Amino acid sequence: MTERESATDTGTAESVSSVYSSPAKSVGDPGITPLSPSHSLKDPDQNVAAGPLYMVVVAIDFGTTSSGYAYAFTKEPECVHTMRRWEGGDPGVSNQKTPTTILLTPEGKFHSFGYAARDFYHDLDPSESKHWLYLEKFKMTLHTTANLSVETELQAANGKRVKALDIFAYALQFFKEQALKELSDQTGSEFDNADVRWVITVPAIWKQPAKQFMRQAAYKSGLVTPDNPEQLIIALEPEAASIYCRKLRLHQMIDLSCKTAVNGCSPTENVGAGMTQAKEHVRRNRQSRTFLVENVIGELWSELEEGDRYVVVDCGGGTVDLTVHQIRMPEGHLKELYKASGGPYGSIGIDYEFEKLLCKIFGADFIEQFKIKRPAAWVDLMIAFESRKRAAAPDRTNPLNINLPFSFIDYYKKYRGHSVEHALRKSNVDFVKWSSQGMLRMNPDAMNALFKPTIDHIIQHLSELFQRAEVSNIKFLFLVGGFAESPLLQQAVQNMLQGRCRIIIPHDVGLTILKGAVLFGLDPSVIKVRRSPLTYGVGVLNRFVEGKHPAEKLLLKDGTRWCTDVFDTFISADQSVALGETVKRSYTPAKPSQLVIIINIYCAEQDEVVFITDPGVRKCGTLRLDLTGTESPAARREIQTIMQFGDTEIRALAVDVATQKSVKANIDFLNN
């Protein structure tokens, strides 16, 4: 008998003390026995085996508020092309990405995406629009849903519920068709999807179920197939930004912390001036859509030396993601120094604050009814707020006017029996006035107050991060993502850092992740070392040691005393994991005829775990080994399982040791 046996061995169930029941036994898994554990540390500088060659890499930046795609041909990796300009668009807002909005017909079939969806929905008669399914800013559901599964639902503007997997699949299918059409037009013949390596961006703070959900949506959309999973790479958004920032030239960025005038920025100018210049520069160059990426390290990077550290703060619509990287010379490879952190502190938090303000003025019951009865008008109101939100700045003195749709004014009078103006007078919200032109007039302090809770969250998180030992001696802080354009956020970051490091904002900051994701798809091995966000392992039996193991975990089996529920750690939280690094475990079926081995995977936020019953430990996935078609003459089969933790997704491979036949291995974090 081996030193360690699985806690899921059903043959031992009768021997368990009647007082104590192991959670691992209650799920009725087939029996398994772990054999010799091992940890293989692959040289991170060693080349990772090259996959199939693709003609082009297409990256999809699937954002909370806006989305888009970009691509590069593998023969011209220095040319990153962004997508065609989208029809529609809002004044003062770049339309090189399109809103993450989707419209389904009353029958639930895909109709349109982005500006096209929004404009069509807006033009529908109110009596008709309530039957259509309009969804926006739905990406955050994957981060906020505790028990995410393929059955998870989203709520459309009219209150109807639809499967989230269908919505994400429709969106990816839309981008697939757009990109392939553009590639076909460029090459003069129909472009084959098999020649495309696809990259989808996700926040680094997303857990494994959310990443797996996005992959499942890609399979459903026809972007790639489960038979060829390598055709799709999941990229982490701040990593993609980091990869692009390595290539920055001085004229492609703003240095917010410059002491003397550099790149049009001086300390006496207001914080938004550099960004205004950057937007003008981008506007002039917008027709090209092709970005030349330096083959060499950018000028900014040439200042970095071996071991230098920097932080990437990705401020998106839904989340803020922070990653700490260290430069490794001479190739400029990157090593993650501290596990990705952040939270749901994106710019949509300001929209929620605006909604709370409207509830305070007009009543939560009215706002809720208005959203359901006049969903298209609610979308109009939020579009009007979005453009005013972008005009908020620390030094602004004149008020910001927000158009109230006529249907809002009309519906309010019918609902309450008095006017919008009357509601404002009664509300005691003195910093919001009514304009006779049909507008809410907000003074700058009122708008800034809507930003405050979200920005405070970001600054608090940054402050905590900078107190950690791993985040000392930071040379640069790169501020990226659409929310990074906000002068209010820029000023708050400057005030917090007090000159401790240089703050760099790339021009066209909203496309930084998209361009970096293309570069990542061209060379996925550029990130050599990552940090594990969680501790992962399985439950096993160990020999019982008096005084060390709790009495309630004692298990008698064939005269041997075992301790049940011992946590066998694969990888610990915040542990450095090199690209290609593997963890090996061997398992043997309880019965020779057994064709499926299922092993529960447990995880925890803390790095030290003793038992799977410890506080904070939860079952998060299953490892399934399918032995069908790998019959073996061996009396006791040994299935060696190899798990890779150094990539953006956790993968598993398995082989029958006696026959060296490959065994189907699948880690499932979604269907638990």
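**A walk through a predicted chain, starting from a cysteine**

Let us begin at Cys501, which is buried, with a relative accessibility of 6%. Another cysteine to look at is Cys603, which takes part in no disulfide: the cysteine sulfur nearest to it belongs to Cys620, at a distance of 3.4 Å. Why does that pair not count as a disulfide? The two sulfur atoms would have to lie within 2.5 Å of each other, and the separation here is 3.4 Å. Cys603 is also buried, at a relative accessible area of 1%. In the structure as a whole there are zero disulfides. As a reminder, a disulfide is a covalent bond that joins the sulfur atoms of two cysteines.

Before going further, please keep in mind that this is a predicted model. How high is the mean pLDDT of the chain? It is 82, and 83% of the residues reach 70 or more. Residues 1–51 are a stretch to treat with care, since their pLDDT stays under 50. The model nevertheless gives residues 1–51 132 contacts beyond four places in sequence. Residues 278–288 also have a pLDDT below 50, and this stretch has eleven contacts in the model beyond near neighbours in sequence. Where pLDDT is low, the predicted coordinates should not be read in detail.

With that in mind, step back and take in the whole chain. It contains 16 helices and 35 strands. Of its 672 residues, 57% count as buried. The accessible surface comes to about 28300 Å², and carbon and sulfur atoms account for 49% of it. How much of the contact network joins residues at least 24 apart? Counting contacts between residues at least 6 apart in sequence, the share is 72%.

Two places show what such contacts look like. In helix H9, which covers residues 348–362, you will find Lys360. Is Lys360 buried or exposed? Its relative accessible area is 58%, so it counts as exposed. Even so, Lys360 touches Ser427 and Val429, leaving aside residues up to four places away in sequence. The C-alpha atom of Lys360 is 9.7 Å from that of Leu424, although 64 residues separate the two along the chain.

The second place is Val610, in the loop between strand S31 (596–604) and strand S32 (618–626). Which residues does Val610 touch, not counting those up to four places away in sequence? They are Asp565, Val566 and Phe567. Thr569 is 41 residues from Val610 along the chain, and their C-alpha atoms are separated by 8.8 Å.

Asp565, one of the residues that Val610 touches, deserves a closer look. This residue lies in strand S28 and is buried, with a relative accessible area of 0%. Its phi is positive, at about 65°, although it is not a glycine. Most residues other than glycine have a negative phi. Asp558 also has a positive phi, near 50°. Where is Asp558 found? It sits in the loop between strand S27 (554–557) and strand S28 (560–571). Unlike the buried Asp565, Asp558 is exposed, at 68% relative accessible area.

Now for the aromatic rings, of which there are 30 pairs in the count. One of them brings together Tyr536 and Phe645, whose ring centres are 5.9 Å apart. Why is this pair called tilted? The angle between its planes is 40°, and a pair is tilted when its planes are neither under 30 degrees nor over 60 degrees apart. Tyr536 belongs to strand S26 (residues 535–543), whereas Phe645 lies in the loop between strand S33 (639–644) and strand S34 (651–656), so that the pair links parts of the chain 109 residues apart. Both partners are covered: Tyr536 is buried at a relative accessible area of 5%, and Phe645 is buried at 11%.

Elsewhere, ring pairs connect Phe362, Phe366, Phe370, Phe408, Tyr411, Tyr412 and Tyr415 into a cluster. Rings also have charged partners in this model. Arg543 lies over the face of Trp562, 5.2 Å from the ring centre. Lys553 lies over the face of Phe611, 5.1 Å from the ring centre.

How values were computed
Residues are numbered from 1 along each chain as its sequence is written. This is a predicted model: local features need pLDDT of at least 70, side-chain atom pairs count only at pLDDT 80 or more; totals for chains, interfaces and linings use all residues. Side-chain values use heavy atoms; hydrogens and water are left out. Rings of Phe, Tyr and Trp (its six-membered ring) pair if their centres lie within 6.5 Å; planes under 30 degrees apart count as stacked, over 60 as edge-to-face and the rest as tilted. Helices (H or I, at least four residues) and strands (E, at least two) are DSSP runs, numbered from the N terminus. Buried means under 20% relative accessible area, exposed over 50%, partly exposed in between (1.4 Å probe, protein chains only). A charge sits over a ring if NZ of Lys or CZ of Arg is within 6 Å of the ring centre and within 35 degrees of the ring normal. pLDDT is the predictor's confidence in each residue, from 0 to 100. Contact means heavy atoms within 4.5 Å. Accessible areas come from the Shrake-Rupley method with a 1.4 Å probe; for residues, only the protein chains shown count as cover.
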